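Hi everyone, thanks for coming. Please have the viewer open so that you can follow along with me.

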Amino acid sequence: MTTWLLKTEPSVYAYADLAREKRTVWDGVTNPAAMKHMRSVRKGDECLIYHTGDEKRIAGLARVTKGAYEDPAHAGERVGDEPKFVLFEVAPVREAGRGVTLAEIKKDPRFAGFDLVRLPRLSVMPVPPEMDAALREMAGL
């Protein structure tokens with residue numbers, strides 16, 4: 001099982017929206033590097049939902065209920081043998097007990113190589129296992 005960090009602007013779609021709706025399709029991603037990660041998302045993976053904008057914090061945990069599949073709006077568009085654009089579906093697991101901020105993550109030397117710190121515009125990224133454990137502990141997840 002892989003853990004992913006998914007960025008979202010809370011004024012557009014917040015963790016509270018996911019909790020209320022019980023499930024959503026993760027879409028709206030066009031960055032090629034983020035899309036490459038999305039093609040690897042599998043059912044059962046977990047996702048740290050990160051609020052961007054003014055918050056810049058981990059807001060909650062979700063689980064992938066349907067792994068990556070071709071975006072019907074871009075049917076037939078390919079990158080090699082794979083769909084160019086994919087979607088996946090997530091459901092809420094629980095809200096963070098404490099929203100771990102980007103400032104806290106940047107201060108902690110354990111996260112120096114984390115894509116959230118290194119590649120701040122990337123909207124979907126894997127979370128290495130040792131960082132995943134630390135972030136979950138810090139966030140009360």
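I'll go through a pocket, a core and two single residues.

One thing before we start: what you see here is a predicted model.

Let's begin with the pocket. The largest pocket has a volume of about 340 Å³. Its lining is made up of 14 residues, and the closest to its centre are Lys7, Thr8, Glu9, Trp26 and Ser123. Which strands supply at least two residues each of that lining? They are strand 1, residues 3-8, and strand 2, residues 24-26. Strand 2 gives the largest share, with three residues. If you sort the lining by class, you get six nonpolar, four polar and four charged residues. In case you wonder how anyone finds a pocket: rolling a probe the size of a water molecule over the atoms shows where empty space is left.

Now for the core. In soluble globular proteins, nonpolar side chains tend to be buried together. Here, the largest nonpolar core has 42 residues. Which of them have the most contacts inside the core? Leu6, Val90 and Phe114 do. Click on Leu6 and look around. Leaving out residues up to four places away in sequence, Leu6 touches a list of residues including Trp26, Cys47, Ile49, Phe88, Val90 and Ser123. You have met two of those already, as Trp26 and Ser123 are among the residues closest to the centre of the largest pocket.

Next, please find Thr3, which lies in strand 1. Is Thr3 buried or exposed? Thr3 has a relative accessibility of 3%, so it counts as buried. Its side chain has polar partners, though. One polar contact, at 2.8 Å, is with the side chain of Asp132, and another, at 3.1 Å, is with the side chain of Arg136. Again not counting residues up to four places away in sequence, Thr3 also touches others, among them Glu46, Leu48, Met125 and Val127.

My last stop is Ala96. Where is Ala96 found? Look in the loop between strand 7, residues 86-95, and helix 3, residues 102-107. Ala96 counts as buried because its relative accessibility is 13%, and the cut-off for buried is under 20%. Setting aside neighbours within four places in sequence, Ala96 is in contact with Ile58, Ala59, Gly60, Ala139 and Leu141. Now try one distance: Ala96 and Arg78 are 18 residues apart along the chain, and their C-alpha atoms are separated by 37 Å.

That's my tour. Thanks for listening, and I'm happy to take questions!

Definitions and conventions:
Residues are numbered from 1 along each chain as its sequence is written. This is a predicted model: local features need pLDDT of at least 70, side-chain atom pairs count only at pLDDT 80 or more; totals for chains, interfaces and linings use all residues. Side-chain values use heavy atoms; hydrogens and water are left out. On a 1 Å grid over the protein atoms alone, a cavity is a set of points where a 1.4 Å probe fits but cannot get out, and a pocket is an open set with protein on both sides within 12 Å along at least five of seven lines; lining residues have an atom within 4 Å of a point. Grid points are joined across faces, edges and corners, and a volume is the space filled by probe spheres set on the points. Helices (H or I, at least four residues) and strands (E, at least two) are DSSP runs, numbered from the N terminus. Ala, Val, Leu, Ile, Met, Phe, Trp, Tyr, Cys and Pro count as nonpolar, Asp, Glu, Lys and Arg as charged, and the others, Gly among them, as polar. Buried means under 20% relative accessible area, exposed over 50%, partly exposed in between (1.4 Å probe, protein chains only). Contact means heavy atoms within 4.5 Å. A nonpolar core is a set of buried Ala, Val, Leu, Ile, Met, Phe, Trp, Tyr and Cys residues joined through side-chain atoms within 4.5 Å. A polar contact is a pair of N or O atoms within 3.5 Å; within protein, one must be able to donate a hydrogen and the other to accept it, and residues adjacent in sequence count only if both atoms are side-chain atoms.
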